[in-house]
Amino acid sequence: MKPRQYTVLLLLGFASGLPLFLTGSTLKAWLVDEKLSLATIGLFSFVTLPYSLKVFWAPFLDRFALPGLGRRRGWMALMQLGMALALGLLAFTQPHLDLTRVVVLALAVAVTSATFDIAVDAWRAEALDQKHLGLGNSLHIATYRVAMLVSGGLALILAQAFGWRATYLGMAVLTLLGLAGTWLAMDTDSVARAPRSMQEAISGPLKDLLQRKGIGYLLAFAVFYKLGDWLAESMTIPFLLRGMGFTKMEIGTVQKTTAMVAIILGGLIGGWMLTRMNLRKALWICGFVQAGSILGFWAISLLGRHLPLLVAANTLENLAYGMGGSAFAALLMGACNRSYTGTQYALFSALMALPRTVFAGLTGFMADWYGWKLYFPVCAAAAIPGLLLLLLWDRWGLPEEGA
């Protein structure tokens, strides 16, 4: 890959990852400060539903191009502007006084972010050849996670020092900086043709997938592989703040330092694994590491409020995310037909995000029912179905070299 491609991958990965926590765990930390109930905070997981529903408007992005920047880059630029505007408006809300407005603006951030992801993922699949797909995904995942640490850990530090309004305004400005990646990105319109009609844009990707042998196993794997991760992540911040009494400064400092190193290292390890072993073996190893990383927070619930434990648990969780994200993205992106990249990858990633929205919306009730000492073991057990599906790999209908 050329140096310019590396720069674009880093910038676009950062732009993709920044909004997620701002409608997820960081927003929940704000709601904890506003003294909302755990049940209400848990229900805010449904705000991220657009990440699971984006497949329904992905064909529109495959079919139509905005004037000036091409089919992928035009949508990327427009959605970045939309994200910045919604975050700026969200900064001026007061959740305890106007919860409805917070919900609407958080949904706006999620919709524009999910649409941006459709365009970025399609661009990446079209701009990178098969040889560089693993490395490109590793870079994207690493910077995606770094952005999540910025909008997670750094945001908590800024919130404690300057308040939530200044924090969200700062995140809106960072969103605009990602436009540089869109400007530098190559135009991929000549690489993959647009569908000739909306009917083809809608039916073509589905026909292509449904005609594949073993597609049901692949789609089920997309749903269940990261189920345990999403359930644990949904309640991690309320657990650390309210359950264990860590301060926003402590959590933010850990995420900004050791966790950032861990996610970059995890992404590099994931990329290295894909060059040294087959995809199936990489998914096995990463799956077990992901499930094991959840138990770090279980250890905190048993042993109490100790900063070294927080550092260890957070480091392991981010290392696992970097490793698993690289292998998982390589699997799903490699399974896409380039003629329908936007819609097919949107479907895969929407199924991947489904547990984070549908199941994670109930996690506040789960935490109340089970208590923290049982909650995280339950999340770790939720990773088992995805691992069991790997036993049926030979039925997935994937190319022999991927096995």
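The second largest cavity of this predicted model encloses about 230 Å³ of space. Here a cavity is a set of points on a 1 Å grid over the protein atoms alone where a 1.4 Å probe fits but cannot get out, and lining residues have an atom within 4 Å of a point. Grid points are joined across faces, edges and corners, and a volume is the space filled by probe spheres set on the points.

Residues are numbered from 1 along each chain as its sequence is written. Because the model is predicted, local features need pLDDT of at least 70 and side-chain atom pairs count only at pLDDT 80 or more, while totals for chains, interfaces and linings use all residues.

Of the 20 residues lining the second largest cavity, Arg145, Glu233, Thr236, Phe297 and Glu317 lie nearest its centre. Helix 13 (227-243) is among the elements that supply at least two lining residues, together with helix 8, helix 16 (279-303) and helix 17; helix 13 gives the largest share, six residues. Helices are DSSP runs (H or I, at least four residues), numbered from the N terminus.

The structure holds three cavities of 30 Å³ or more, and the largest contains about 320 Å³ of space. Closest to the centre of the largest cavity are Tyr144, Tyr321, Tyr345, Ser349 and Met352. Its lining draws two or more residues each from helix 7 (99-127), helix 8 (130-162), helix 17 (307-334) and helix 18 (341-359), with helix 18 providing the largest share, five residues.

The table gives the lining composition, with Ala, Val, Leu, Ile, Met, Phe, Trp, Tyr, Cys and Pro counted as nonpolar, Asp, Glu, Lys and Arg as charged, and the others, Gly among them, as polar.

| Cavity | Nonpolar | Polar | Charged |
|---|---|---|---|
| Largest cavity | ten residues | four residues | six residues |
| Second largest cavity | nine residues | seven residues | four residues |

Terms used:
Side-chain values use heavy atoms; hydrogens and water are left out. On a 1 Å grid over the protein atoms alone, a cavity is a set of points where a 1.4 Å probe fits but cannot get out, and a pocket is an open set with protein on both sides within 12 Å along at least five of seven lines; lining residues have an atom within 4 Å of a point.
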